[in-house]
Structures are given as structure tokens and as C-alpha cells.
Amino acid sequence: MSTAQTRADGLGAPPDPRGPTARGRRSSGRAPSDPKPIVGWLFIAPNLLGVLAFTFIPLVSVILLSFTEWNLVSGFGGIDFVGLDNFLAVFQDPTFWRSLVITILYAGVAVPLTLVVGLALALALNRDIPARGLLRAAFFVPYIVNIVAIGMTWQMLLDPSAGLVNQFLGVFGLEHLPQWFASSYWALPALILVTIWSQAGYANLIYLSALQDAPTQLYEAARIDGAGRWASFRAITWPSLLPTTVFLLITLFVGISQTFGMIALITNGGPGASTTTLSFYMYQTSFQFYRFGYASAVGLVTFVGIFAIMLLMWRAQRGRALHD
Amino acid sequence: MLPARSRRPSRRQFVGALGAVAGGAAVSGCSSEPEKDMDTLHVWGGIPAESGPQRLIDRFHEKHPDLTVEYTRYINDDRGNLKLNTALQGGVDIDVFFTYGVPNLTMRVSSGLAADVGDQVRSTPELAMFLDTDDPKALIDGDEITALATTRIPQMVLFNESLRERAGIDLPRQWTFEEYLEVIRALAADGKYGSYVIPDLARIELGPNYRFTPEGDSNFSHPAFQRHLDLSAELIRDGVLYPWSQALARQLEAYQQNNFIAEDFGLWTTAPYSLRFLTDQEEYPHDFTVSAAPVPTTENGDWNTGEYGAFVQINSRSPKQELAWEFSKFWLLEGAQDLISAGYISLLGDVDDEQLLAGILGEDAEQFFDVDSFRRTLFEDEPRMHLDTELTAYTEITQKFEQQRDVCWLLERSPTKAIETVDRNAQALIERFEED
């Protein structure tokens, strides 16, 4: 019996262009021979519980808390609903704006420099040089070193008088050496320096793996055409690294703008408030001042801000990728 | 159409939603509280058990063999206090707890965590001092008393005797701030500094609640605050005070004893709890003796910069209120001797000054200290101490002050500008918190 005949008889539905079983799958969610769905749920249950307990519930709690005034100690009975007051207060809070500027400065300088250092290292370590494997590992180590060790080590290295860095600079007869973490002018640059040191290994690793995939035939063609190293980099390497760069830009920006441990360990937000970023301000507001509702509002505003910047980066990359 | 207000969720609805979300994390069956052992008291405090509380508890056991007291030590820092707050809120079996510092005190009291012991205090004649509202040693609100200070924490000025004698300075018994400044200038020589910081000039002049005017506004425009920053900056610039850049870079605020032991500065303003470092020759070896002098005075005031502290409080949710009070009373009236070695000078108790001195300075007192000078400074001079009771935005204002103090003492900002900023910020905080 032809398909046309079947339809004319009104005995069957028109054929699904995706194949004979597609409709069945859509309606039941599984093939008739699949095991019961409960098994699938059991497999993902540990992760699902983790996401529920450590992501979903905290997220919803923070959203709800941002509309309240609560000091934790007073228990659920002490929660006062204040509507949008916390958000209004956030936008009128000079410390919030100051922390925002510091966060933008911190991430805005640290992220591009981390990318530049990571890329430079990757280009160098992608060449056939002695002890290449060892060097690759060495540059990655700072990324996995414990944050406490990083804090203590750099505190010693950047000690204004006894630190190795200033002693080294002193060899060149330099006067008025930077006071690093003991100066409200130098503390942020010092923090950026340490951040680049600790994150460049990660950028280096990702760039290295991207460089391995670079189209070798294009380089050969470029060489035959007489292109130099810079021309090859500009015309072949950089465009092929663009998606990786955007990925690193986004992940590093999100990670660095949320840096907390290093600030808490090394500067505690100071001197003055020179290294009080938004994430550290959130910590102060909640765990030092016990204003959890307000801290939640700061957190949400920060989240929305970072998310918006992330989206902008993503959209900019998409346009560029199409253009290329 | 509903009025705008009625469309907002009520507090009850909102709290219900929040509770539902939080409750989602709870495993079923956790909601029913375990039955509490009514013969066991749980006490949380900041002193290590072996430094005195365990001896006190052992003596309490002798007196009450049918009861058991379990002591839990928490570290008195941000994390430790968060741990205690969470435990109190989470329904952990805590009957008696100790609070250090007024910000924590107010928060716990205003949140209803501390039981009112006003009636018990009024019915115990030996505790009459806690009813004094002119020189408060308890948190009193009308008839309600929710915290009792257990100790005096007077400040004193310690001298490195070797450096003092080398500088040819007489050990002062009463001295003015000007004389104090002459002394630290004389001590600053041969790569040594005079002192770590100077005593809080504004506190000496103004005493309790010094950050607030009688009307409750910011008092940072009082000249004493600026003079304190000004003098300190000048002395740091002159190399008389320990460089603040070093203090910040090496995070020395909590480790000043290391630099005093290392003879970096000859004079150190501190409290009795620091004396334990000076008797510990293994961890803090040194070959100089130490003498004590009172905190200097100004023509405008003679307040000691020390305070009443270590407040005992009873958990308002404890089902063992009577036992908890029995233990708190024992700690206040009979526990003084046990806590001396922790540097605690009890407000009450049958311990005379000589016993206190022997306890605080340790067995080999003569080896480490000029004992007479400590006797005079800690007991005979009867230092005037304070308890702040005006606590609006206390922690926030403290932070604002410390931020400006830091940049001022790093010589990056003028004291005038720093204090103007503190005053403006403090006033804004007071207004904002009073609105709330």
C-alpha cells in the first residue's frame, strides 16, 4: 500500500521526515527498548543533588535574601522584608561604586596582561627548545599552587624593605622604590602582578593546545609566499587563536573579578580601601558587618554586571568570527 | 485593583518562602531536635580550657557532683565568632557563652540570643556592681540585663628595662602625654624605635562612647582624634614610631610581641593578656626585664584605654536556665583564681591583688619583671576603664577609621583630610543606620 493511499484512507499520519521512529521517540521520550528512566536519574543523582544543594538553593536564597534585612544571628524569625531598599542603597553606596571601579581596574588590567603573557609563553614554548616539557610544567605550577602559599611567598618577595624584588631593584641604584602592599597606590598594581603570575600558566596551557591545532599547511604556504614571522602571526596564528582568546577572556574575567582569597590573605582590602574589590566588599558586608541581605544585593548586582560584560564579549566575538 | 502595598509579599509569606528554600536542603527527620541532657551544661568561651576554665569547671564539679560541664573553646576572631553565631542559631546545645567585644555583644543581644538575668542579678547582693549605670559593667536596658563583664582589661605601658636604662629615663609613675612623647623620642636611637604606636589620645581624653557626641552624632571632628593621627604621622616620619608600612606589609597588628621581644622598640602599650609572651622563654627568648607604667594622661582626661570585657551570657533558648545561671554565678564569684594565669583580672571574686599579681606574672616573676611597677600600675593606680554603650554602626565606623588611619600613617594623606573623611563617613553611617 502506498503512502498516498494510506493518507487518503485516513488510516495513518503523514510520514515524519526525520525517519520512522522519530515521532515515537518524541512522544515517549525513550525508545521502547530503553531501560526505565529511573536508572538515568539514579546515575545523575549525585551530581544533581550537588547542584541542588550547592548551587540552586544558595542562588534562590541569595535572591530572596536580597529583599530582606537579616543578620544571621536572629534566625529566620529575624528576617525583615525590605523590598527594593537594599538595591536602592547599593546604588547610593559610595563604597560599592569605589569597589566597582577597583574591580574593573583590577580585572581590566590583569586579564589582558595575563593573556599577553600566556600567549607569549605559549609561542615560546611551542618551539623546539631544550627542556621544553620541563618549562611547560614550570610555568603551569603557579596556577595549581595553594593560594595561601602564593600569598605568603609574595608578601615576602614584595616586602618594601627586606623583599627580594626591592633588593633587586636597589641593585640598579633606583631610589623611591615601590612600597607594594604597604602603599595604597602600589597595592593594586602589586595584586595585579601576583594575579598575572598565578594565572598566566593557565592561559599558556590553553594557548599551547590551540597552537598545536594551527593549520601547518597555511604556514608553509605563507613561507613560500615570503611572509615573515610577524605577517604569519597576524594573518594565520592570531585569527586561529581568536576563539581561544575569547574563551580565556571570559573565563579569566569571571575568575579574576571574583578573586577573594588572595586579597583576604595579602591585603585584607587595604591599605585604606585600595584593594577592596566587589567580592571582598561582599565578604566584609556579610561576614564582618553581618548584613546578609545587603551583601546579597551587592552580590546580585555584581552578578548581573559580570554577566552583561560576558554577554558583550561573547557577542563581539561572534560578530568577529563571522567577519573572519 | 489591589492597593500597591497589598501586592508586596508579607513578611510572613517571604520568610516562609525563604524557609522553604533553606528547608529543601535539610534531610527529613532533622527538624526534630535531639533530646537534651538536662544534667550537662555546654559552655563556649575563648580562653583555652587548660589556661583556667578547666580548673574552674573541675571545682564546679566538686561542688555539684551531679552535673557535668562541657567546655568548648572558640577562637575570638571573625571565623570563630561566625562559628558561635551559627551554632547558637542552629540550635546547637549551648547554655552559656562568652562574648568578646561590643559589636558581637550588641548583635547577640539585639537578636534575642541572650537571656535576661536582671532578676537574678538584683537578687544576688554580691553582684550589685552590675547594677551601676554610671560606670556600667553589664549590658543594661531598663530592667533587662543580658551580659555581665567578667574581667577588667586595663592597658599599661611596658618598658624594655635595658633600653630604658641606656636612654637614661626614669621609670614614670604618673606622667603626661608630653612627658610620654619625650620618653619615646629618647628611646628612638641606634636603629631602635620608641614605640609601636602611641596610646589612643582621644580615648584618654573622652572615655566611653568617644566616637559619638551626646546627641548621637559623629564626634570625629573633636580635635583629639586629629591630634592623635597628626602626632602619630609626625612620629612615624621622624622614625620614633615603628614604620606603619612595615606593620601593614608584614601584618604585625596581631604580633606586636615579636617586635617588642626582638627589641625593635623600647616601649609597648598593651594589656595583661600579653604578659604570657614575656614569661615564655622557649617561644619568646629574651634577656631583658620588663617594667610597667600607667597610660599617660592629658590635661583634658585621664581615662585608661582599657575596658571591661569577656561578657558571660546565657543562651535564651537553653532549657537549663537555672543551671546556666548557677554556673555563670560561680564563674563570676568563685572562678577568679582559676583564670588569673590567662591574664584575667576578675571584676569580683575573693582574690587579693598579691594573688592576682603572682598569677599574672607567673612563678618566675622576679626573673622577667619589675614586680613593684606592675603592682602599682595594675592595682594601686585604679585605672579608669570604659564600656561603650553607644553602638550605632560600630563595626562599620571602626573600619572607616582604620582605613583612613592606615593611609594617613603611610604618610599618603594628611591627618586633616583623613579625619574629615572619617567624620563624614561616620555621620553618613549613623544617619543610615538610625533610619533603619
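Tutor: Before we start, contact here means heavy atoms within 4.5 Å. Keep in mind too that this is a predicted model.

Student: Okay, which residues does Thr305(B) touch, not counting residues up to four places away in sequence?

Tutor: Let's place Thr305(B) before listing anything: look in the loop between strands E9 (290-293) and E10 (307-314) of chain B. Leaving out residues up to four places away in sequence, the contacts of Thr305(B) are Gln155(B), Asp200(B), Arg203(B), Ile204(B), Val295(B) and His386(B).

Student: Does Thr305(B) count as buried or exposed?

Tutor: The cut-off for buried is under 20% relative accessible area. Thr305(B) has 13% relative accessibility, so the label is buried.

Student: And which side chain makes a polar contact of 2.9 Å with the side chain of Thr305(B)?

Tutor: Go back to the residues Thr305(B) touches, which include Asp200(B), His386(B) and Gln155(B). The side chain joined to Thr305(B) by that 2.9 Å polar contact belongs to Gln155(B).

Student: Let's move to the interface. Which residues form the salt bridge between chain B and chain A?

Tutor: The two chains bury about 3,600 Å² between them, with 58% of that on carbon and sulfur atoms. Across this interface the rule finds one salt bridge. At 2.7 Å, N to O, the side chains that meet in it are those of Arg250(B) and Asp159(A).

Student: Which element gives the largest share of the side of chain B that touches chain A?

Tutor: Several helices of chain B supply at least two residues each, among them H4 (78-89), H19 (394-409), H20 (415-435) and H2 (11-24). With eight residues, the largest share comes from H2(B).

Student: By class, how many nonpolar residues does that side have?

Tutor: In total, 39 residues of chain B are in contact with 46 residues of chain A. On the chain B side, 12 are polar and 11 charged, and the nonpolar count is 16.

Student: Now the inside. Which helix gives the largest share of the largest nonpolar core?

Tutor: That core has 77 residues, and Ile184(B) and Leu267(B) are among those touching the most other members. Ile184(B) and Leu267(B) also touch each other. The largest share of the core, seven residues, comes from helix H10 (223-237) of chain B.

Student: Last one, over in chain A: what phi does Tyr290(A) take?

Tutor: Start at helix H13 (278-288) of chain A, where the buried residues include Phe280(A) and Tyr281(A). Tyr290(A) comes just after H13(A), and its phi is positive, at about 55°.

Key
Residues numbered from 1 in each chain as written. Chains lettered and ligands numbered in written order. Predicted model: local features only at pLDDT ≥ 70, side-chain atom pairs only at ≥ 80, totals over all residues. Heavy atoms only, no water. Helix = DSSP H or I, 4+ residues; strand = E, 2+ residues; numbered from the N terminus. Buried < 20%, exposed > 50% of the residue type's maximum accessible area, 1.4 Å probe, protein only. Polar contact = N/O pair within 3.5 Å; in protein donor to acceptor, adjacent residues only side chain to side chain. Buried area = accessible area lost by both parts, 1.4 Å probe. Salt bridge = Lys/Arg side-chain N within 4 Å of Asp/Glu carboxyl O. Nonpolar A, V, L, I, M, F, W, Y, C, P; charged D, E, K, R; others polar. Core = buried A, V, L, I, M, F, W, Y, C linked by side-chain atoms within 4.5 Å.
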